[in-house]
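Q: Could you walk me through this model, starting with how far it can be trusted and then moving on to the strands and the interior?

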Amino acid sequence: MSDMSGIRQTTDGGLAGLAGKAALVTGGSRGIGAAIARRLAHDGADVAFTYVSAAGKEKADAVVADIEAAGRRAVALRADSADADAILGAVDDAAAALGRLDILVNNAGIFGSGPIEDVTVEEIDRTLAIHVRAAFLAAQAASRHLPDGGRIISIGSNLAGRVPHPGIALYSMSKAALDGLTRGLARELGPRGITATVVHPGSTDTDMNPAASPHAEAQRERTALGRFLDADDIAATVAFLAGPGGRNITGTGILVDAGANA
């Protein structure tokens, strides 16, 4: 289970790797996003993150408290990634509040499933707005703030590369689009030393997909390692890509899925 009660110590570096850096994580008040925000702070970065509504403020406040307890600055910004103006404003507000912006993590996401004949236009528009348009707009806005050597990291899904069951065509399509965006960003921003990557998690124990849910065992059986991931596993990969070790990794996706797509 992920340690979501605070920023736990790790054994794979940390603290020095992102010292002096500033990051924005969209959808950072819960699940994978919260783990990423905490891990980046653990590794030395000041962190701004978005949350979608007043209902999430308590969780957002908890992440802020953990980051500040680690001695880093934290900024929680209410912004719905489905709102183009809100996501553009969040990028500029994060850079203004932290004094700079070195790392963008496009993490905000939703999950919908069901037979293709039941998918509504509204569901299509909202999914694409959050997963694709917001990632593009945030990267576009962040590119005006990022210094040479900055990082843009998006959170996709292993369902972008393989669709193991029906009912997830919209979700898989929207996450697959991040691969094309990432390759394009790598070419556009490479001359400035800015890298672009996408991390594709597999089944991860969060409130959106609990490891104890009725559907969890079928997901475990599809993995080579026979287990769910922890949100901290994804956060560790993001932190590596954001740090010195990721400076030559760009234009590509990285699977972190316990071998589900092997």
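A: A word on terms first: pLDDT is the predictor's confidence in each residue, from 0 to 100. This is a predicted model, in which local features need pLDDT of at least 70 and side-chain atom pairs count only at pLDDT 80 or more, while totals for chains, interfaces and linings use all residues. Residues are numbered from 1 along each chain as its sequence is written, and side-chain values use heavy atoms, with hydrogens and water left out.

Q: OK, so what is the mean pLDDT of the chain?
A: The mean is 93, and 94% of the residues of the chain reach 70 or more.

Q: And where does it stay under 50?
A: Residues 1-5 stay under 50, and for them the model has 14 contacts beyond four places in sequence, a contact being heavy atoms within 4.5 Å. Over residues 7-15 the pLDDT is below 50 as well, and that stretch has 22 contacts in the model beyond near neighbours in sequence. Where pLDDT is low, the predicted coordinates should not be read in detail.

Q: Let's go to the strands. How does β4 pair with β1?
A: Strand β1 (residues 22-25) and β4 run parallel and are joined by three bridges. Strands here are DSSP runs of E with at least two residues, helices are runs of H or I with at least four, and both are numbered from the N terminus; two strands pair if DSSP finds at least two bridges between them. The bridge partner of Leu 24 in β4 is Leu 104.

Q: And what about β4 with β5?
A: β4 and β5 also pair in the parallel sense, over four bridges, and there Leu 104 has Ile 152 as its bridge partner in β5.

Q: Are the faces of β4 covered or open?
A: Both faces of β4 (residues 103-106) are covered, with Ile 103 and Val 105 buried on one side and Leu 104 and Asn 106 buried on the other. Buried means under 20% relative accessible area, exposed means over 50%, and partly exposed lies in between, using a 1.4 Å probe and protein chains only.

Q: What comes on the other pairing of β5, with β6?
A: β5 and β6 pair in the parallel sense over five bridges, and Ile 153 stands opposite Thr 197 in β6. In β6 (residues 195-201), seven of its seven residues are buried: Thr 195, Thr 197, Val 199 and Pro 201 on one side, and Ala 196, Val 198 and His 200 on the other.

Q: Which residues is Thr 182 in contact with?
A: Thr 182, in helix α5, is in contact with Ala 196, Thr 197, Val 198, Gly 251 and Thr 252, leaving aside neighbours within four places in sequence. Thr 182 counts as buried because its relative accessibility is 3%.

Q: Lys 175 is in that helix too, right, so is it buried or exposed?
A: Lys 175 does lie in helix α5, and at 5% relative accessibility Lys 175 counts as buried. Not counting residues up to four places away in sequence, Lys 175 touches His 131, Ile 155, Gly 156, Ser 157, Ala 160 and His 200.

Q: And Thr 237, what does that one contact?
A: Thr 237 lies in helix α7 and is in contact with Val 199, Ile 254 and Val 256, again leaving aside neighbours within four places in sequence. At 18% relative accessibility, Thr 237 counts as buried.

Q: Switching topic: how many cavities of 30 Å³ or more are there?
A: The count comes to one, and the largest cavity has a volume of about 100 Å³. On a 1 Å grid over the protein atoms alone, a cavity is a set of points where a 1.4 Å probe fits but cannot get out, and lining residues have an atom within 4 Å of a point; grid points are joined across faces, edges and corners, and a volume is the space filled by probe spheres set on the points.

Q: What lines the largest cavity?
A: Of the 15 residues that line the largest cavity, the closest to its centre are Asn 106, Ala 108, Ile 130, His 131 and Ala 135. α4 (121-142), β5 (151-155) and α5 (169-189) each supply at least two residues of the lining, and the largest share, five residues, comes from α4.

Q: Last one: where is Ala 258 found?
A: Ala 258 is found in the segment after β7 (252-256), and Ala 258 has a positive phi of about 55° although it is not a glycine. With a relative accessible area of 13%, Ala 258 is buried.

Definitions and conventions:
On a 1 Å grid over the protein atoms alone, a cavity is a set of points where a 1.4 Å probe fits but cannot get out, and a pocket is an open set with protein on both sides within 12 Å along at least five of seven lines; lining residues have an atom within 4 Å of a point.
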